[in-house]
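This report introduces the structure shown below. Please keep it in view while reading.

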Amino acid sequence: LRAAKDANHNTVRIWGGGIYQSDALHDLADEMGLLMWEEAMFACGSYPSALPGFLSNVKSEVAEQVRRVAGRPSVAIWGGNNEVEMSLDWFAPTRDNRMLYAVEYHELFIKTVGGVMRQLAPHLHYLDSSATNGYAWHPQPGDRSTDVLPVKRWGKPGDPRFGDVHFYNYQFDCEAAREFPRSKFVSEFGFLSVPNFATWAE
C-alpha cells in the first residue's frame with residue numbers, strides 16, 4: 001500500500017482470485033486515504049449455483065466479509081468476481097451451453113452476491129464481475145430490495161464503451177500511448193515495461 005501511495009495511486013483492487021485481506025491492511029488503507037475495490041473470492045471459471053447448499057454457503061461467506069469491511073472509509077466498490085463473465089467464452093462447455101451458464105451466473109452474481117450487497121451495503125456500488133459491461137438498468141442507489149434486480153448488459157466483457165477493461169499485451173511498445181485502450185477504466189493490466197534506469201543506461 002505504501003508503494004501504491006508513493007506512486008500516487010488512489011485505488012487498490014483486492015483481486016477475486018486471491019484471498020480476503022486482513023483488518024490490518026484495511027486499517028492501513030483507511031489511514032493512508034487509499035480507496036479499496038473489494039471482490040468476492042471467485043475467479044476465472046463457472047460455479048455450480050444449482051448444487052444444493054452452494055448458494056447459502058456463498059451468501060454466508062459474502063455476508064461475513066461485507067459486515068467486516070464494508071463500513072470502512074477506504075472501501076469504495078465491491079465486485080462479485082474476477083473474470084467469471086469473461087470465462088464463459090473460454091471453455092467449450094460454457095460456450096456450447098451459454099444460456100445455461102448465463103442463468104447460473106445470474107443466480108450467483110446478480111441475485112445472490114448482489115442481493116447480499118443490496119441488503120447489507122446499499123451505499124457501495126456493486127459490479128457483478130471485472131471486466132464487465134455493467135448493467136443496462138439497475139435499481140436506484142440505496143434500494144435494499146432483493147426483488148428488483150439489475151438488468152445485465154451482456155456481450156463481450158471489456159467493451160471500452162461500458163464498464164471496466166482488462167488489458168494485456170506483451171507485444172507492443174509500452175511507450176506508445178496510442179496503443180493503450182480508450183476505456184472508462186482499466187482495472188487490470190499487464191504489458192512489458194521499460195527496464196530500470198541502470199539497465200537502460202547500459
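## Terms and basis

Contact means heavy atoms within 4.5 Å. Helices (H or I, at least four residues) and strands (E, at least two) are DSSP runs, numbered from the N terminus.

The model is predicted: local features need pLDDT of at least 70, side-chain atom pairs count only at pLDDT 80 or more, and totals for chains, interfaces and linings use all residues. Residues are numbered from 1 along each chain as its sequence is written, and side-chain values use heavy atoms, with hydrogens and water left out.

## Helix 2

Helix 2 spans residues 23–32, and His26, Ala29 and Met32 in it are buried (under 20% relative accessible area, 1.4 Å probe, protein chains only; exposed is over 50% and partly exposed lies in between). Because the buried residues of helix 2 fall within an arc of 130 degrees when seen down its axis, they line one face of the helix; the arc is that of the directions from the helix axis to the C-beta atoms. Ala24 and Glu31, on the other side of helix 2, are exposed.

The cover over the buried residues of helix 2 includes helix 1 (2–6), helix 3 (54–69), strand 2 (35–39) and strand 3 (75–79). After helix 2 comes Gly33, which has a positive phi, near 75 degrees.

## The sheet

Four strands form an open sheet in the order 1-2-3-4, with parallel pairing; two strands pair if DSSP finds at least two bridges between them. Strand 1 (11–13) and strand 4 (125–127) are the edge strands, each pairing on one side only.

Strand 1 and strand 2 run parallel and are joined by three bridges. Val12 has Met36 in strand 2 as its bridge partner.
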